[in-house]
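Biologist: I would like a close look at a single part of this model, the nonpolar core, and at what surrounds it. Please take it in order and keep it plain.

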Amino acid sequence: MVERVLLTPSLPLPSRPSLSPTTMATITGGAATRIIPSATRATVSLSSSSRSFFSFSSSSTSVSSLKCFRSSPRISHLFLDQRRSEVRVSSGQFGTVSALASDPDQLKSAREDIKELLSTKFCHPLLIRLGWHDAGTYNKNIEEWPQRGGANGSLRFEAELKHGANAGLVNALKLLQPIKDKYSGVTYADLFQLAGATAVEEAGGPKIPMKYGRVDTTGPGQCPEEGRLPDAGPPSPADHLREVFYRMGLDDKEIVALSGAHTLGRSRPDRSGWGKPETKYTKDGPGAPGGQSWTAQWLKFDNSYFKDIKEKRDEDLLVLPTDAALFEDPSFKVFAEKYAEDQEAFFKDYAEAHAKLSNLGAKFDPPEGIVIDGSPIVKGEKFVAAKYSSGKRELSDAMRKKIRAEYEAVGGSPDKALKSNYFLNIIIVVAVLAILTSLLGN
């Protein structure tokens, strides 16, 4: 099986003196805020647009890359201390957090910071891939959380980060960690999905109907096993895509729609084994130049991906085996042809599929999730009679039914008012006039 990674690995970073035991000790509160940002300011190679969204690499390459990160004094202290799982943030590490819902106001503020990050780092494909890989481990056949995988923030732990398919995603974590430090009321699971959805929208894609409130896993022991994400060049690409995505509960239309996100990003042969070192579309960046993109405008979200695969006229544009399968498989082809002709239809189906993917396996608190777009949802307090009585019990079901029956017998219902009794109204008016006449006469 051909294996790949389409994510930029780290470049060697300048060494720094190792931290003292005192500095590396577990810290809380303001001290953590002061130390963590210094760890995340390390300069990282961010040709971060050079990514595919679901991809594998050889495990040996991944482990080697991760060891390089850990061996660097500048980077090693970014990884979690997996020997402890209490609520804390260690010096410069991706901290273990308690499972709490995200704060809506902090989610909105974090989104603005992500937009600023995207405008300066051009890391749209990288952030989309981070969110997809956190959610894409979901297995619909497993009911228990978090064993079922999915969008639960587990990708921040080294145990999952070192999976071959996730090689290089440490770059995404380092980009987002300062935002996480700033907005501690946002869970990692929500931050990953917020970043991915925002990246799509900022690249010109559709508005994703997102909800938040995902609960985080609390330790590396809750990470899924390796092997749940798809490969780029399997012997039977269409069958492989169905095997992986059907396990998540997605169908053929959603597979094709999500594949359309390859309109963003590039591949580099020295890192993934796929693509050209440089093309006319990538030689000048933005970001670090080089690599081969799927589309000419590889930071613009549109339906060019489907058009370019269908035409296959430009040798400078990348077509992977799993890309070609979309126009070779009869069922996939129906949707691929549709999206190549109708961008509006693609945007609609993509937005729905992306939102569905981002919710896979997640446990929400509150259960209905948190919506941060549009007008705030104000829910009135549910009226409970007993709450406003003095030691009185609520009506029994039998009494409720009796009252309802009597009410409906005279033409009323919970949904409409009683009909007016015009004869009774006339009698009342006449009586009132008679009383007034009598008073005036006296």
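Modeller: What follows starts at the core, moves to its helix and its rings, and ends with the backbone.

The model is predicted. The chain contains 18 helices and two strands. Half of the picture is interior: of the 442 residues, 50% count as buried. Among contacts with a separation of 6 or more, 75% come from residues 24 or more positions apart.

The largest nonpolar core has 77 residues. Those that touch the most other members are Ile114, Leu127, Leu176, Phe301, Phe306, Leu326 and Tyr350. Helix H9, residues 188-202, gives the most to this core, with eight residues.

Ile114 shows how one such position is surrounded. Leaving aside residues up to four places away in sequence, Ile114 touches Leu127, Leu176, Ile179, Leu191, Leu194, Ala195 and Thr198. Two of these partners, Leu127 and Leu176, are also named with Ile114 in the group that touches the most other core members. Leu191, Leu194, Ala195 and Thr198 are numbered within the 188-202 range of H9.

H9 itself is 15 residues in length and spans 21 Å from first to last C-alpha, close to the 21 Å expected at 1.5 Å a residue. Of its 15 residues, 14 are buried, so H9 is largely enclosed by the rest of the structure. Glycine 204 follows H9 and has a positive phi, near 100°.

The aromatic residues come next. The count of aromatic pairs is ten. One of them joins tyrosine 305 and phenylalanine 306 in an edge-to-face arrangement, with 5.1 Å between centres and 75° between the planes. Both tyrosine 305 and phenylalanine 306 are buried. These two residues belong to one aromatic cluster that also holds Phe301, Tyr339, Phe346, Phe347 and Tyr350. Phe301, Phe306 and Tyr350 appear as well among the core residues that touch the most other members.

Two rings have a lysine over them. The charged end of lysine 180 sits over the ring of tyrosine 188, 4.9 Å from the ring centre. For lysine 211 the ring is that of phenylalanine 364, and the distance to the centre is 4.5 Å.

Cysteines add no covalent link here, as the disulfide count is zero. Cysteine 123 is buried at a relative accessible area of 0%, and cysteine 223 is buried at 16%.

That leaves the backbone. Most residues other than glycine have a negative phi, and most peptide bonds are trans. Phenylalanine 122 has a positive phi of about 55° without being a glycine. Phenylalanine 122 is in the loop between helix H5 (104-121) and H6, and at 31% relative accessibility it counts as partly exposed. Lysine 312 also has a positive phi, near 50°. Its loop runs between helix H13 (304-311) and helix H14 (321-328). Lysine 312 is exposed, because its relative accessible area of 53% is over 50%.

There are cis peptide bonds to note too. One joins tryptophan 145 and proline 146, with omega about 5°. Proline 146 is in the loop between helix H6 (124-135) and helix H7 (158-161). Another joins glycine 285 and proline 286, again with omega about 5°. Proline 286 lies between helix H12 (269-272) and strand E2 (292-293), in the loop.

Definitions and conventions
Residues numbered from 1 in each chain as written. Predicted model: local features only at pLDDT ≥ 70, side-chain atom pairs only at ≥ 80, totals over all residues. Heavy atoms only, no water. Core = buried A, V, L, I, M, F, W, Y, C linked by side-chain atoms within 4.5 Å. Buried < 20%, exposed > 50% of the residue type's maximum accessible area, 1.4 Å probe, protein only. Helix = DSSP H or I, 4+ residues; strand = E, 2+ residues; numbered from the N terminus. Contact = heavy atoms within 4.5 Å. Disulfide = S-S within 2.5 Å. Phe/Tyr/Trp six-rings, centres within 6.5 Å; stacked < 30°, edge-to-face > 60°. Lys NZ or Arg CZ within 6 Å of the ring centre and 35° of its normal. Expected span 1.5 Å × (residues − 1).
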